[in-house]
Amino acid sequence: MSEILKVQSYLLNGLVYIHDLCEQHNIDYYLIGGSALGAERHSGFIPWDDDVDIGLVRDDYNKLLKLLK
C-alpha cells in the first residue's frame, strides 16, 4: 500500500469517528474544499489529497471541541 493510501486510510478512520460522534450528539457538519470535491468527483479522496476538510457552524464546533477534549 502506498504512503498516500495509508494516510487516507487513517484520515477515513478519523472521519468515521467524527461522524459517529456528531451523530450521537446531534452535531451537524459537512465536507468542504477538496474533501467535498473528492467525494463527488472521485467517490472518495482526491488521489493526492492528504487531509480532510470539514465545516461546522460555530455552536456545533464548540460542542465538538468540548467532546474531543
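## Loops, helices and core of the predicted model

Ser 43 is located in the loop that joins helix 2 (33–41) to strand 2. In this predicted model, Ser 43 has a positive phi of about 55°, although it is not a glycine. The residue is exposed, its relative accessible area being 70%. A second non-glycine residue with a positive phi is Asn 26, for which the angle is about 50°. Asn 26 belongs to the loop between helix 1 and strand 1, and its position is just after helix 1. With a relative accessibility of 63%, Asn 26 counts as exposed, because the threshold for that class is over 50%.

The protein chain contains three helices and two strands. Their order from the N terminus is α-β-α-β-α. Along the principal axes, the C-alpha atoms occupy a box of roughly 35 × 20 × 15 Å. The accessible surface of the protein chain amounts to about 5,100 Å², and carbon and sulfur atoms account for 56% of that surface. Of the 69 residues, 20% count as buried. When contacts between residues at least 6 apart in sequence are considered, 61% of them join residues at least 24 apart.

Helix 1 comprises residues 3–24. Its 22 residues should span 32 Å at 1.5 Å a residue, and the end C-alpha atoms are indeed 32 Å apart, which agrees with that expectation. Five residues are buried in this helix, namely Gln 8, Leu 15, Ile 18, Leu 21 and Cys 22. Viewed down the axis of helix 1, the buried residues fall within an arc of 140°, so they line one face of the helix. An α-helix has 3.6 residues a turn, so residues three or four places apart point the same way. The face turned away from the buried side carries the exposed residues Tyr 10, Asn 13, Glu 23 and Gln 24. On the buried side, the residues of helix 1 pack against strand 1 (30–31), strand 2 (54–55) and helix 3.

Gln 8, a residue of helix 1, has a relative accessibility of 8% and therefore counts as buried, the limit for this class being under 20%. Beyond its neighbours within four places in sequence, Gln 8 is in contact with Phe 45, Ile 46, Pro 47 and Asp 49. Leu 21, also among the buried residues of helix 1, touches Leu 64, Leu 67 and Leu 68 when residues up to four places away in sequence are not counted.

The largest nonpolar core consists of six residues: Ile 18, Leu 21, Cys 22, Ile 27, Leu 56 and Leu 64. Helix 1 supplies the largest share of this core, with three residues. In soluble globular proteins, nonpolar side chains tend to be buried together.

Two salt bridges were identified in the model. In general, side chains of opposite charge can pair when their charged atoms come close. One salt bridge links the side chains of Glu 3 and Lys 6, with an N to O distance of 3.6 Å. Because Glu 3 and Lys 6 are three residues apart in helix 1, about one helical turn separates them. Glu 3 is exposed, with a relative accessible area of 57%, whereas Lys 6 counts as partly exposed at 36% relative accessibility.

The other salt bridge is formed by Lys 63 and Asp 60, whose closest N and O atoms are 3.7 Å apart. Both residues lie in helix 3 (residues 58–68), where they are three residues apart, about one turn of the helix. Asp 60 counts as buried at 9% relative accessibility, while Lys 63 counts as partly exposed at 38%.

Tyr 61 is likewise placed in helix 3. With 36% relative accessibility, Tyr 61 counts as partly exposed. Tyr 61 and Gly 14 are 47 residues apart in sequence, and their C-alpha atoms are 16 Å apart in space.

Key:
Residues are numbered from 1 along each chain as its sequence is written. This is a predicted model: local features need pLDDT of at least 70, side-chain atom pairs count only at pLDDT 80 or more; totals for chains, interfaces and linings use all residues. Side-chain values use heavy atoms; hydrogens and water are left out. A salt bridge is a side-chain nitrogen of Lys or Arg within 4 Å of a carboxyl oxygen of Asp or Glu. Helices (H or I, at least four residues) and strands (E, at least two) are DSSP runs, numbered from the N terminus. Buried means under 20% relative accessible area, exposed over 50%, partly exposed in between (1.4 Å probe, protein chains only). Contact means heavy atoms within 4.5 Å. The expected span of a helix is 1.5 Å times one less than its number of residues. The arc is that of the directions from the helix axis to the C-beta atoms. A nonpolar core is a set of buried Ala, Val, Leu, Ile, Met, Phe, Trp, Tyr and Cys residues joined through side-chain atoms within 4.5 Å. Accessible areas come from the Shrake-Rupley method with a 1.4 Å probe; for residues, only the protein chains shown count as cover.
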